[in-house]
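Visitor: I am new to this structure and should be grateful for a guided introduction. May we look at it together?

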Amino acid sequence: MQIDPVKSVSAGDEAPIRVASFSVIFALIIAALYLGREVFVPISLAVLLSFVLAPAVRLLQRIHIPRALAVLGSVGIAFMLLFVVGSIIAKQLNQLAGDLPQYQATIVSKIDSVRGIAGGSTTLERAAAMLKQLGEEIQHPAANAPAASHSNGDNPVVAKPLKVEVLQPDPGALENIRVLIAPLISPLATTGIIIIFVVFILIQREDLRNRLIRLFGSNDLQRTTAALDDAASRLSKLFLNQLLINSSFGLAIGIGLTTIGIPRAILWGILAAVLRFVPYIGSLIAALFPLALALAVDPGWSMLIGTLALFLIVEPVVGHVVEPMVYGRSTGLSPVAVVLSATFWTALWGPVGLVLATPLTVCLVVLGRHVERLAFLDVMFGDRPALSPPEIFYQRMLAGDPTEAAEMAEEFLKERSLSAYMEEVALRGLLLAKSDCDRGKLNNERMERINTTVEALCEDFANLEDRIPDAGSSTNDVEAVAALDAMSQTSMQECAILDRQSLPAPWSADRAILCLGGASPLDDAAAALLAQLLDAHGLNAGTERLGRAIRGPGVGATRDSAVIFLSYLGDGKDAQIRFAVRQLGRLAPNVPVLVGCWSFDGGERSPVQGTPAYRVVRSFREGTAYCVRHAQADIEKVISLDPTGSFSSPITAQAS
């Protein structure tokens, strides 16, 4: 019997091979990026600048300027502005270097004042003196070493060291020119390469796009084109918005520092605008220089306090108010991804990598969203939650921790109604649990924990009304945003909210609407959600276990109810529904029974034959609308029979 060596490799043996091959490829890519940084850095900068200048080129083309002239004009103006800014920075630095000796006396006086406050000689000063002495010992060991000697009879003769002086020949004119130009060759060459690449990328934009489509997937033009359009749109908007926001930040800092009186405020404003491209720490670094200068210039402390207050006010306003308004809800990256990418690219390419980290990571996230084999990039670096909102709800209920689910619900309720959350998030999460239960993956103990946690979550919703939020309220929570984007606008609540004080009997009973779980603790959890939603509409709803409602202490509440609501996740089993409805019909023959079969498959379920079930509903919204309508009808009957008209209006005006 011959064994095929290819077929003999099991699936368990293939996984380590795939991991090893992926690790080798990843290591080779990192090595290539590091060793070829002299080539890759200019190309990356050129590509990113082409995204920034592409809108300007399109604008010039719309006014019938030829492509070549539009590209050359845009690139020329851009690099001219960069040259002007660089010249201003160099001039300001030279002037600052000339002013530094003037600040020495102020620095010394402040050090003396701080020393006086500290109480003269301290432990730190003694430690500093010791370290200074040790440094002198290390730098000049020969000064303290015994002189070398040799014996000449009885009289030792001390050998005197010879003084040697090395003289360099005077450099010639060519040597002076070489020393002057050498430090400029590398930056000038890099700038020239960047300019050439930017020009060619902008001129050959369509040709490069077609080649990328052919390279990455000409057999699926729709997906490849969508990926390229998404990347170009994201990067262009990101860079332009960053340029405008950071320039405004630098302008505000420059004006503020000028008002405070910090020397060379233009320099610090430009530096603040440039450093703010570095995520998280850029503004902090930009603040250190003017703070140090304020400490050196002002004999007092008012200039230092004013500078610190300026950065503490402007940065939060720009970061937490302006940026969310300009960028929208998110830039597509998670905060952890920004930090990791900044660390990674800085280690590879130095300070330039720190600036390029965010846009390069945006490109990776876009690839992950459109290329199936690279989907892990979107999971790792994207801002979209790894789990859907119903999955997060189910996981939190399974863990017995309603706190996180309640926090997400609060964010969700800033833009949608309570009924939308109950149906689109909570109920879908319970349906995931029902699916696991049907597959035998969920035991009764875990289902009881889910039910208990759902009841605790419903307590957080007490006293909430099912209202549509104001138009101005919004959320920036990524999980809530994901839930909102996944659901339709039609899921918003449309039923009236009743005045609880005007409800007639039997609607005025404590548990006028009795919500019963059909067959399992998961059905009890769905009944608890339904009861809370009905309560948010001004109806008196309560829950009870089905067995207690039929044979236990809950029988009295069953007979006094206005409506009995049986709750089943999924379609339920006909035999279970038939038995429950018949038992309830015998106990309370005059109370209508609703059967809620909660499912989102879009189908309709007919009432079980041979049962007195009044109606079968498929959604919380449908069941709530039924109860509200019938409660309104009974209220109107009572009002029409009351000659004094003493009942107040039961319906609260509802925003639409």
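Visitor: Which element gives the largest share of the nonpolar patch?

Guide: This is a predicted model. Met80, Phe83, Val84, Ile88 and Ile266 make up a nonpolar patch on its surface, and together they have about 510 Å² of accessible area. Of these residues, 4 come from one helix, and that largest share belongs to H3.

Visitor: What span does helix H3 reach from its first C-alpha to its last?

Guide: Helix H3 covers residues 67-99, which gives 33 residues. At 1.5 Å a residue, the expected value is 48 Å. The helix comes close to that expectation, with a reach of 48 Å.

Visitor: Is phenylalanine 83 buried or exposed?

Guide: Phenylalanine 83 has its place in helix H3. The buried residues of that helix include Phe79 and Gln92, along with Ala78 and Leu96. A residue is called exposed when its relative accessible area is over 50%. Because its relative accessibility is 61%, phenylalanine 83 counts as exposed.

Visitor: Which helix gives the most to the negative patch?

Guide: The negative surface patch consists of Glu407, Glu410, Glu455, Glu459 and Asp460. Two helices, H17 (402-412) and H19 (444-460), each supply at least two of its residues. With 3 residues, the helix that gives the most is H19.

Visitor: What is the relative accessible area of glutamate 407?

Guide: Glutamate 407 belongs to the negative patch and lies in helix H17. Partly exposed residues fall between the 20% and 50% limits. Glutamate 407 is therefore partly exposed, as its relative accessible area is 48%.

Visitor: What is the phi of histidine 64, and where is this residue placed?

Guide: Most residues other than glycine have a negative phi. Histidine 64 has a positive value, near 65 degrees. At 73% relative accessibility this residue counts as exposed. Its place is in the loop between helix H2 (37-62) and H3.

Visitor: Where is arginine 264 placed, and how is its accessibility classed?

Guide: Arginine 264 is likewise a residue other than glycine with a positive phi, near 55 degrees. Its place is in the loop between helix H9 (221-260) and helix H10 (265-275). Because its relative accessibility is 26%, arginine 264 counts as partly exposed.

Definitions and conventions
Residues are numbered from 1 along each chain as its sequence is written. This is a predicted model: local features need pLDDT of at least 70, side-chain atom pairs count only at pLDDT 80 or more; totals for chains, interfaces and linings use all residues. Side-chain values use heavy atoms; hydrogens and water are left out. The expected span of a helix is 1.5 Å times one less than its number of residues. Buried means under 20% relative accessible area, exposed over 50%, partly exposed in between (1.4 Å probe, protein chains only). Patches are made of residues with over 30% relative accessible area and no salt bridge: like charges are joined within 9 Å, nonpolar side chains (Val, Leu, Ile, Met, Phe, Trp, Tyr) within 5 Å. Accessible areas come from the Shrake-Rupley method with a 1.4 Å probe; for residues, only the protein chains shown count as cover. A salt bridge is a side-chain nitrogen of Lys or Arg within 4 Å of a carboxyl oxygen of Asp or Glu. Lys and Arg count as positive and Asp and Glu as negative; His and the chain ends are not counted. The place of a charge is taken as NZ of Lys, CZ of Arg, CG of Asp or CD of Glu.
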